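The following exercises are to be worked with the sequence and the structure in view. Each task is followed by a solution in steps.

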Amino acid sequence: MRGVTDEQVAPVSPLVTEAVKKAAVAWVAVGDRPPVALWCVPLDGGLYVVSGPGEQSAPGLAETHTATVTLRGDHGGRIVTWPAEVSRVAPESEQWATVAPQVAAKRLNASGSPTDLAERWRAGCVLSRLAPAGPPLAAGQTLPDDSLAAPPREAIPVRQTRRPFRLHRVRRR
């Protein structure tokens, strides 16, 4: 973190530490936007996320410095929500040379080698690090009891639905 000494950093909750170590998917909310599910790679006590053309869409993540992260446990249910400090890994930095190939190696269904993938990311994607930035916002007894399911967002249909094909005329009695 920028200009912060070790004495000023709040200790990270053991629950957050363990959840981050096991994370493969994180629900990330930026500002007032609804959370989006993003694949992530746990490294160095934080989560690394790639977004941009040809990768996952993470609206607002590349421009923000803070986000809210929700992780699930082994049973598939929500276990913790925590504030995150978002930092971008610069493509010309030493950190990029170390982290990008490790993240690329964990990327499923990618075409090409991890080195090729990291070079494609360098050209047009953003590699962000989400680091715990405080105590959990919700965990254990403070987790909500309801499902938190949001109604589906309205979508404009791309194609008009066609009527089913019939081989013969159906007569009604």
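**Exercise 1. Which pattern does the protein chain follow when read along the sequence?**

Solution. The model is a predicted one. Begin with the inventory: the protein chain holds three helices and eight strands. Next, place these elements in sequence order, which gives α-β-β-β-β-β-β-α-α-β-β.

**Exercise 2. Compare the radius of gyration of the protein chain with that of a compact globule of 173 residues.**

Solution. The reference value for a compact globule of 173 residues is near 16 Å. The protein chain has 21 Å. As a further step, consider the box filled by the C-alpha atoms, which is roughly 85 × 45 × 30 Å along the principal axes. Finally, turn to burial: 33% of the 173 residues are buried.

**Exercise 3. Determine how strand E1 is paired.**

Solution. E1 covers residues 25-29, and E2 covers residues 36-39. These two strands pair in the antiparallel sense over four bridges, and Val-28 has Val-36 in E2 as its bridge partner. Six residues lie between E1 and E2 in this hairpin, and Gly-31 in the turn has a positive phi of about 60 degrees. Now examine strand E5 (residues 66-72), which pairs with E1 in the antiparallel sense over three bridges. Here the bridge partner of Ala-29 is Thr-68 in E5.

**Exercise 4. Which residues of helix H2 are buried, and what covers them?**

Solution. Helix H2 spans residues 94-106, and its buried residues include Trp-96, Val-99, Ala-100, Val-103 and Ala-104. To interpret the spacing, recall that an α-helix has 3.6 residues a turn, so residues three or four places apart point the same way. The cover over the buried residues of H2 includes the strands E2, E3 (41-43), E4 (46-51) and E7 (126-132), together with helix H3 (114-124).

**Exercise 5. Locate Asp-44 and Asn-109, and state whether each is buried or exposed.**

Solution. Asp-44 lies in the loop between E3 and E4. Its phi is near 55 degrees, a positive value in a residue other than glycine. With a relative accessible area of 60%, Asp-44 is exposed. Asn-109 belongs to the loop between H2 and H3. Phi of Asn-109 is near 60 degrees, again a positive value in a residue other than glycine. The relative accessible area of Asn-109 is 80%, and this residue is therefore exposed, the cut-off for that class being over 50%.

Technical notes. Residues numbered from 1 in each chain as written. Predicted model: local features only at pLDDT ≥ 70, side-chain atom pairs only at ≥ 80, totals over all residues. Heavy atoms only, no water. Rg over C-alpha atoms; globule rule 2.2 N^0.38 Å. Buried < 20%, exposed > 50% of the residue type's maximum accessible area, 1.4 Å probe, protein only. Pairing = 2+ DSSP bridges. Contact = heavy atoms within 4.5 Å.
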